[in-house]
Amino acid sequence: MIRWTFKDPGVRAGTRVLIFAIAAALLVPGCGSHQPSRPATVTGTVTVSLADALVYIYQEGDDIFGPARVISEPTATDGSFSLSLKPGKYLAVARKRVSGESAGPVLIGDYRSEPVAFEVSQGQEKVVLSMTAVIKVSNEKAFPASAQENATGIAGRVSDADGNPVEGTRVHVYDHIQMSERPKYVSERTGADGKYFVPVKRGGTYYLSARDRFGGPPQIGDLFGRYDEGTVDPSGVVVRKGEVTGDVDITVHKVW
Amino acid sequence: MDLGLISTVLILLMLSGCSSNEDISTLIEKAHKGDDRAGRKLVVVLGSADREAALAAYRALIEIGAGSQPWLMTGLKSGNAAVVEACSAALGSMGSKASVPALIELLDHADKRPYAAAQALGEIGAMEAVPHLVRALSSRDMELRKAAVRALVKMGPETAGPVLPLLSRGEDEVSQRAGIRVIGELGTRAGVELLIPVTGANRDAAAWALGRIGDRRGLNALLGALSDERWPVRRQAAQALGSLEDPEAVPALTAALDDPETVVREWAARSLEVLTGQPVLYVDDGGNQVSPYNLYR
């Protein structure tokens, strides 16, 4: 059993901070028997301030801006929740959106934690983790030049149909041309200048789209665009190791 | 008061002239009954910054169908580019033949998001628009060029004839590249002899198109392109030779496994796998012999 506890440390200067202390202990069965794939039960408690928070579980290597593998039920007024996880390597992120929605971007005023990596081993029943969730206070993005030095990645600008930079979109990077599965990489949300930078682990041929909403195919009203040169299929962007392929500009249009 | 509420109030005031509290749902209801004034107001809402209101109006106009076309065609004359874009899209999805002349006219209005008109013409399949779309392939507006390419491709092989002359216009690399895209997407075999001599910045696009067409006449040109000084050309050639599926390319692609550029080696391995039916490894950035990952899932 994995036990999670969220505690509220109070308010810090300038920023409201809520500390999630996710308590879990690792208990390994002593009999040496193995039950592969047997899920561990995850339970815990969240402070009153974080009632209705959700805990998102991703597998190692997942894009944490994409759909989660498991999402907890909203934490109760006493902060308790329960999850079942099979053995594996995971990332946990706590989020609480003011809108009450379980998906979509985390906006200014929402709570979010940094991802915390953990592992559930065979037979493991309890884990102790801690997460700090802060209120998002700004959409400001900073891409210092140093971030791209010696990096392998893709950079460019997202603009609208009139050529104006678009704020608040993310660039999704796929390694397959159908762009149908989970993106391999996702950029931070663009700032006011529409610029983005996506580091990638290795050189290769990638396919890009930009959109303002997550999940599923683009819907009417969404802003969506992909990188192509006027072809029916998306055009591949070649990235060389140790270089940033720049000026990969994407125009987003409203989907009608 | 939040911004969404403020914008909603402003829209309602604009729609009502401050004299009534007619909301979107009322407008939609009236428009469904054929109320001309309500229909025209819904078209105005298409340009609203209120996303939900604009979407509700759009969906309603589409649902109304043919009855909403006169309102939408009025919207094509709007000074609001967002309204023009939405009306173009709606008319295109309806296949409105009556809107074709107005949509063609929009292709020359850079401030009215002409890409949407090009896209709509493709959806409608308006063959009378072909000369205008071909002309749009030379536009400085990249979005319009791209939309014109897709529209011509969507309209089918009959559009290739007027596009072919663009392939010989090496002095205008922008329109030549757009033309190459159309011919490649359409798989127009008549384009092969025009693609082979393409020089300059469009050599990579020409290699791509030769691969798309898949005509053996392009083989020697693609083999030569494998030795091009520019790696993007070599990369496209390596990819295109796989599409040609001609075993004569095997020795050259095997040699390309030693190309100094990783992505060229990777595409050579992919194409060799297509040609030989056997897994082929290449040397990646780290010096390891690896299989290319599958781009098609």
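This is a guided tour of selected places in a predicted model, to be followed with the structure open in a viewer.

**Between the chains**

Begin by selecting A:Trp256 and B:Tyr58, which form one of the three aromatic pairs that the structure holds over all chains. The two ring centres lie 4.6 Å apart and the planes stand at 40°, so this pair is classed as tilted, given that an angle under 30 degrees would count as stacked and one over 60 as edge-to-face. The pair crosses from one chain to the other: A:Trp256 belongs to the segment after strand 21 (253-254) of chain A, whereas B:Tyr58 belongs to helix 4 (residues 51-64) of chain B. Both A:Trp256 and B:Tyr58 are buried.

**Strands 16, 17 and 21 of chain A**

From A:Trp256, move to strand 21 of chain A and select A:His253, which stands opposite A:Phe224. Strand 17 of chain A pairs with strand 21 of chain A through two bridges, in the antiparallel sense. Strand 17 (residues 223-226) of chain A is also joined to strand 16 (residues 204-211) of chain A, again antiparallel, by three bridges. On strand 16, select A:Arg211, whose opposite residue in strand 17 of chain A is A:Phe224.

**Around A:Arg95**

Next, select A:Arg95, which is found in strand 8 (residues 88-96) of chain A. Is A:Arg95 buried or exposed? With a relative accessibility of 9%, A:Arg95 counts as buried, because the cut-off for that class is under 20%. The charged end of A:Arg95 sits over the ring of A:Tyr56, at 4.7 Å from the ring centre, and the side chain of A:Arg95 also makes a polar contact of 2.9 Å with the side chain of A:Tyr58. If residues up to four places away in sequence are left aside, A:Arg95 touches several others, among them A:Ala53, A:Leu54, A:Ile64, A:Val106, A:Tyr111 and A:Arg112.

**Chain B: an arginine over a tryptophan, and helix 14**

In chain B, select B:Arg270 together with B:Trp267; B:Arg270 lies over the face of B:Trp267, 4.4 Å from the ring centre.

Finally, select helix 14 (residues 203-213) of chain B, in which nine of the eleven residues are buried, so that the helix is largely enclosed by the rest of the structure. The buried residues include B:Asp204, B:Trp208, B:Leu210 and B:Ile213. To see what the buried residues of this helix pack against, display helix 12 (173-186), helix 13 (192-195), helix 15 (219-225) and helix 16 (231-244) of chain B. The tour ends at B:Gly214, just after helix 14 of chain B, where the phi angle is positive, at about 70°.

Note on methods: Residues are numbered from 1 along each chain as its sequence is written. Chains are lettered from A and ligands numbered from 1 in the order in which they are written. This is a predicted model: local features need pLDDT of at least 70, side-chain atom pairs count only at pLDDT 80 or more; totals for chains, interfaces and linings use all residues. Side-chain values use heavy atoms; hydrogens and water are left out. Rings of Phe, Tyr and Trp (its six-membered ring) pair if their centres lie within 6.5 Å; planes under 30 degrees apart count as stacked, over 60 as edge-to-face and the rest as tilted. Helices (H or I, at least four residues) and strands (E, at least two) are DSSP runs, numbered from the N terminus. Buried means under 20% relative accessible area, exposed over 50%, partly exposed in between (1.4 Å probe, protein chains only). A charge sits over a ring if NZ of Lys or CZ of Arg is within 6 Å of the ring centre and within 35 degrees of the ring normal. Two strands pair if DSSP finds at least two bridges between them. A polar contact is a pair of N or O atoms within 3.5 Å; within protein, one must be able to donate a hydrogen and the other to accept it, and residues adjacent in sequence count only if both atoms are side-chain atoms. Contact means heavy atoms within 4.5 Å.
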